[in-house]
Amino acid sequence: MSTLVVCVDRDDDIGTKTGLDTPVAGWEAVRSLVTEVGLADPEDASVNCLLESLRVARDLRDGDEEVTVAVISGAAETMVGRDRAVADQMDSLIAEYDPDSAVVVIDSAQDERLVPIIESRVTVDAVDRVVVRQARDIESTYYLLKQFLADEELRQTVLVPVGIAMLAFPILLMAFGPALAVASITAVIGLFVLYKGLGVDDYVADVPGEAKDALYSGRVSIVTYVVAAGLSLIGVFAGALRVSDPSAPTGGVLMPAMAFAFASVPWLAAAAVTASTGRLLDEVIRNDRLRHSYLNLPFGVLAVGLVVRGFSAYFLQREEYVPPLVVPHAELGSLTVERIVLLPGTRLALFVVAGVVVSLLGVRVSTYVTGSSLGDEFEDEELVD
C-alpha cells in the first residue's frame with residue numbers, strides 16, 4: 001500500500017519566501033525545503049507544517065508502508081487560480097507516484113478548504129492539523145500583538161475598519177445625535193462581520209479572474225447576465241413606482257410588499273429566465289450531454305414567477321387595487337364562450353395550476369432532450385458527488 005503525505009500551502013508562502021517551484025516531492029527534497037523556509041522566515045508556521053509532514057511520513061514508513069512526502073502550493077494571483085494550481089500539482093503527483101491513499105497536513109483554515117479538491121482525486125485517510133503552541137505570559141502577548149501589527153493583511157482587515165468607525169462616530173454624534181450615531185456604527189460593523197463571515201471577500205476577489213476567463217472563453221452567459229441585470233433593475237424600478245403610486249394600498253407591510261411583487265415579478269422572472277438560458281447555452285456549447293438541472297432551471301424560474309404573481313394578485317384584488325381577470329366573450333364556430341370574471345380565489349388557483357404545468361413541462365422537455373429518466377440523472381449526480 002502506497003501513501004502520499006502532502007503538505008498544503010494555499011497562499012504559496014513557501015514559494016514566495018524561497019523562490020522554489022512546487023510540487024516538491026521526496027524525503028530529501030522536503031527536508032532541504034524545511035531548511036530553506038526556516039532560514040527565510042524562522043517564525044513562519046509553514047516550517048512546523050513541513051516538519052509535521054516529515055514526522056508523519058517517518059511514522060508510516062516505520063510501519064512498513066510505502067510513503068512519499070510532498071509539498072503543494074497555490075502559486076497564482078487569484079483564489080480560483082490558487083485552487084486550480086493545487087489541483088494541477090496534485091494531478092501530477094498522482095500521475096507520477098500513483099498512491100493508494102493520502103494524508104493531508106495543513107496549518108490553517110484556508111488550507112483546509114483544499115481538502116475536498118484532494119479528496120476528489122485520491123482517497124484521503126487523514127487530515128493532520130498543525131497547531132503551534134504559544135506561551136501565555138505578558139511578554140508573549142506583547143510579541144503576538146507586535147506580530148499582528150506587522151501583518152499587512154490583518155491590519156487591513158481589523159485596524160482599518162476600526163479606525164474608520166472611530167472617525168465616523170464623533171461626526172455622526174455631532175450631526176445626528178447619539179442614537180443615530182450608535183445605530184449607524186453598529187450596522188456598519190454588523191455588515192462588515194457578515195461580509196467576512198460569509199466569505200463575500202473571497203467571492204469578490206475571484207470575480208475579476210472569473211470574468212476574465214468568461215470573456216476569453218466566449219461564454220454566452222456573460223451577455224445574458226448583463227441583460228438579466230438590466231431586467232432586474234427595471235423590475236425593481238417598476239415595483240418602486242407601483243408602491244409610490246398615490247393610489248397604492250397603504251397600511252402595514254403586507255399590501256405594499258404585494259404591490260411591489262405584483263409589478264416587479266414579471267421583470268425579475270424574465271431576468272432569471274434570461275440568465276438561466278445563458279447558462280444552458282454555455283452547457284450546450286461545452287458539453288455533449290446536458291443535465292436535467294440546466295434544462296429544468298428556466299421552467300422552474302418561470303413557474304415560481306407565475307405562483308408569486310398569482311398570490312400577489314390575490315391580495316391586491318381583494319383590496320380592489322387591481323381589476324379582476326376577465327375572460328372575454330368569444331365565439332369559435334359553434335362553440336360560444338361567455339364573458340367570465342375570475343374571482344380572487346379562482347385567479348390564484350389558475351396561476352398556481354399554470355405554475356405546476358410549466359414545471360411539469362420542464363421536466364418532460366428535459367427528459368425528452370437528454371434521452372434519460374430522472375432516476376438516471378440522480379444516479380449520475382450521486383456518482384459525481
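**Salt bridges and packing of helix H3**

A salt bridge connects Asp59 with Arg58, with 3.5 Å between the closest N and O atoms. The structure in which this pair occurs is a predicted model. Salt bridges with shared partners bring Glu52, Arg55, Arg58 and Asp59 together in one network. Within this network, Asp59 also forms a salt bridge with Arg55, and here the closest N and O atoms are 2.7 Å apart. Arg55 and Asp59 lie four residues apart in helix H3, so about one helical turn separates them.

The accessibility of three members of the network was computed. Arg58 has a relative accessible area of 39% and is therefore partly exposed. Arg55, at 36% relative accessibility, also counts as partly exposed. For Asp59 the relative accessibility is 35%, which again places the residue in the partly exposed class. Glu52, by contrast, is listed among the buried residues of H3.

Helix H3 comprises 18 residues, from 45 to 62. At 1.5 Å a residue, a helix of 18 residues should span 26 Å, and the end C-alpha atoms of H3 are 26 Å apart, so the two values agree. After H3 comes Asp64, which has a positive phi, near 65°.

Besides Glu52, the buried residues of H3 are Ser46, Val47, Cys49, Leu50, Ser53, Leu54, Val56 and Ala57. These buried residues pack against both helices and strands. The helices are H1 (13-18) and H2 (27-40). The strands are E1 (2-9), E3 (66-73), E4 (101-106) and E5 (124-129).

In the model as a whole, nine salt bridges are counted. One of them lies outside the network of H3 and joins the side chains of Asp83 and Arg10, with an N to O distance of 3.1 Å. This pair links distant parts of the chain, the two residues being 73 residues apart. Asp83 belongs to helix H4 (residues 79-97), whereas Arg10 is located in the loop between E1 and H1. Asp83 and Arg10 are both buried, while Arg55 in the H3 network is partly exposed at 36% relative accessibility. In general, side chains carrying opposite charges can pair when their charged atoms come close.

Conventions. Residues are numbered from 1 along each chain as its sequence is written. This is a predicted model: local features need pLDDT of at least 70, side-chain atom pairs count only at pLDDT 80 or more; totals for chains, interfaces and linings use all residues. Side-chain values use heavy atoms; hydrogens and water are left out. The expected span of a helix is 1.5 Å times one less than its number of residues. Buried means under 20% relative accessible area, exposed over 50%, partly exposed in between (1.4 Å probe, protein chains only). Contact means heavy atoms within 4.5 Å. A salt bridge is a side-chain nitrogen of Lys or Arg within 4 Å of a carboxyl oxygen of Asp or Glu.
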